[in-house]
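This report looks at how the interior of one protein model is arranged, and at where empty space is left within and around it. The reader may wish to keep the sequence and the model side by side while reading.

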Amino acid sequence: MKIFHNTRHAEHAGRQEMFRGRMVDCHEVPDRLQYVLNELQRRPVGQLLAPDAALEVDAAMARIHAPDYLYFLARAWDDWVAQDPANAERDALPSVWPLASRHAFRTDVPPLNFAARLGQYAYDSGTPLTAGSWVAAREGAACALAAALAVLAGERLSMALTRPPGHHAGPNYMGGYCFINNGAVAAQALRDGGLQRVAVLDVDYHHGNGTQTCFYERSDVFTASIHGDPRTEYPFFLGHADERGHGAGAGFNLNLPLPRGTGFDVWQATLQTALQAVSDFAPQALVVPLGLDTFEGDPISGFKLHSADYLQLGRAIAQLGLPTVLTFEGGYAVAEVGVNTVNVLEGLQG
């Protein structure tokens with residue numbers, strides 16, 4: 001297994017986020033990835049690599065994300081500080097948003113004020129933008145691209161070990177700690193590399209709303225997600241079971257929401273449903289946005305999986321027999337996220 005590690009991830013280190021009406025310390029912290037690296041040192045399951053600096057990562061991101069959104073992200077921190085030099089000492093969080101309701105607000109005239117532009121591209125106030133957010137997110141996309149290219153070159157398993165995570169980022173929006181959708185970048189790279197059918201299986205506690213949006217009208221990328229019920233769980237406004245795709249994509253999106261408190265027995269049975277749907281699609285490769293926030297001790301989630309269950313998850317995915325790319329997503333019980341991640345990788349390797 002080739003594991004492409006984002007060596008610049010720690011440059012994105014948010015100070016605080018808005019969570020349930022109050023400012024709290026960020027849940028998405030650099031230590032999350034460090035604990036995985038520590039466990040990989042204790043239990044090596046693959047070759048730890050950095051992505052090639054010559055990879056055409058900007059082109060790969062542009063296959064998923066809108067040009068104006070990428071332009072905004074690349075310049076956002078400088079614009080934030082230019083608005084007020086004191087901003088260099090605090091992260092940027094949005095405070096105003098244009099509602100999507102017809103006639104409510106106009107979005108066809110780009111605002112000049114940075115706070116308005118940030119709100120135009122963000123859908124929550126819990127995703128701090130920092131001095132290093134763009135650098136870390138761009139390098140994460142490079143890891144995802146490298147992992148996809150490794151599979152195209154014949155690797156059975158590869159992983160983008162990176163943060164910030166990605167599966168909440170859509171074509172032209174950020175949120176849920178995510179800026180660039182690494183799983184979508186990997187899936188598109190697999191398609192661009194010649195594969196006709198690619199599946200995405202998202203096992204994060206929170207619905208991969210960004211990934212669903214990226215592929216919702218396409219039949220070449222099948223998306224499946226097991227997640228907390230959006231009637232009660234973030235991101236709330238997507239992830240319902242009746243969302244099956246649209247147009248050419250009708251029937252190629254599967255959502256399997258579960259109630260808070262779900263234990264492994266029910267979750268595992270639901271996983272089998274998702275795996276069967278993936279198998280029926282007959283993909284040539286699989287992308288797994290690997291969220292570990294289904295763990296019982298996660299502070300912002302609500303499923304009840306134990307560390308040993310992640311071995312079973314890896315083994316179940318391995319039964320598909322597909323070349324597989326994993327992207328590191330959620331998991332906020334920081335001290336346990338390394339063990340849980342490597343358990344999945346060990347299970348995948350049989």
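The text below goes through one helix, the nonpolar cores, one buried serine, and then the cavities and pockets of this predicted model.

**Helix H6 and its surroundings**

Helix H6, which spans residues 182-192, is mostly covered, with nine of its eleven residues buried. The buried residues are Asn182, Gly183, Ala184, Val185, Ala186, Ala187, Gln188, Ala189 and Leu190. These buried residues pack against several helices, namely H2 (57-62), H5 (133-152) and H7 (209-215), and also against the strands S6 (198-202), S9 (285-290) and S10 (324-328). At the start of H6, the backbone nitrogen of Gly183 has a side-chain oxygen of Asn181 within 3.4 Å. After H6 comes Gly194, which has a positive phi, near 115 degrees.

**The nonpolar cores**

The largest nonpolar core holds 50 residues, and those with the most contacts inside it are Leu73, Leu129, Met174, Ile180, Leu190 and Val287. At least two residues of this core come from each of H2, helix H3 (67-83), helix H4 (114-121), H5, H6, S6, H7 and S9. Among these elements, H5 gives the most to the core, with twelve residues. Leu190, named among the core residues with the most contacts, is also one of the buried residues of H6.

Leu129 can be followed in more detail: leaving out residues up to four places away in sequence, Leu129 touches Leu73, Ala76, Trp77, Asp91, Ala92, Leu118, Met174 and Phe179. A second core, separate from the one just described, has 48 residues, including Val203, Leu254, Leu275 and Val342.

**Ser133 in helix H5**

Is Ser133 buried or exposed? Ser133 has a relative accessible area of 3% and is therefore buried, the cut-off for that term being under 20%. Ser133 is found in helix H5, and its side chain reaches the backbone nitrogen of Thr130 at 2.7 Å. Leaving aside neighbours within four places in sequence, Ser133 is in contact with Glu11, His12, Pro128 and Phe179. Two of these residues are met again elsewhere, since Phe179 is also touched by Leu129, while His12 lines the second largest cavity.

**Enclosed cavities**

How many cavities of 30 Å³ or more does the structure hold? There are three of them. The largest has a volume of about 50 Å³, and its lining is made by Val200, Asp202, His207, Gly208, Thr211, Gln212, Thr223, Ala224, Ser225, Asn253 and Asn255. At least two of the lining residues come from each of S6, H7, strand S7 (221-228) and strand S8 (253-258), and S7 gives the most, with three residues.

The second largest cavity contains about 40 Å³ of space and is lined by His12, Gly14, Cys26, Glu28, Pro128 and Tyr177. Pro128, like His12, is also a contact of Ser133.

**Open pockets**

The largest pocket holds about 620 Å³ of space. Its lining comprises 32 residues, of which Tyr123, Asp124, Tyr234, Pro235 and Phe236 are the closest to the pocket's centre. Strand S2 (16-19) and H7 are the elements that give two or more residues to this lining, and S2 gives the most, with three residues.

In the second largest pocket there is about 430 Å³ of space. It is lined by 13 residues, and the closest to its centre are Pro98, Ala100, Gly119, Gln120 and Ala122. Helix H4 gives the most to this lining, with three residues; H4 also supplies at least two residues of the largest nonpolar core.

**Linings by class**

The table sets out the volumes and the residue classes of these four spaces.

| Space | Volume | Lining by class |
|---|---|---|
| Largest cavity | about 50 Å³ | two nonpolar, eight polar and one charged residues |
| Second largest cavity | about 40 Å³ | three nonpolar, two polar and one charged residues |
| Largest pocket | about 620 Å³ | 14 nonpolar, eleven polar and seven charged residues |
| Second largest pocket | about 430 Å³ | eight nonpolar, four polar and one charged residues |

Key. Residues numbered from 1 in each chain as written. Predicted model: local features only at pLDDT ≥ 70, side-chain atom pairs only at ≥ 80, totals over all residues. Heavy atoms only, no water. Buried < 20%, exposed > 50% of the residue type's maximum accessible area, 1.4 Å probe, protein only. Helix = DSSP H or I, 4+ residues; strand = E, 2+ residues; numbered from the N terminus. Contact = heavy atoms within 4.5 Å. Polar contact = N/O pair within 3.5 Å; in protein donor to acceptor, adjacent residues only side chain to side chain. Core = buried A, V, L, I, M, F, W, Y, C linked by side-chain atoms within 4.5 Å. 1 Å grid on protein atoms, 1.4 Å probe; cavity = no way out; pocket = protein on both sides within 12 Å on 5 of 7 lines; lining within 4 Å. Points joined across faces, edges and corners; volume = space filled by probe spheres on them. Nonpolar A, V, L, I, M, F, W, Y, C, P; charged D, E, K, R; others polar.
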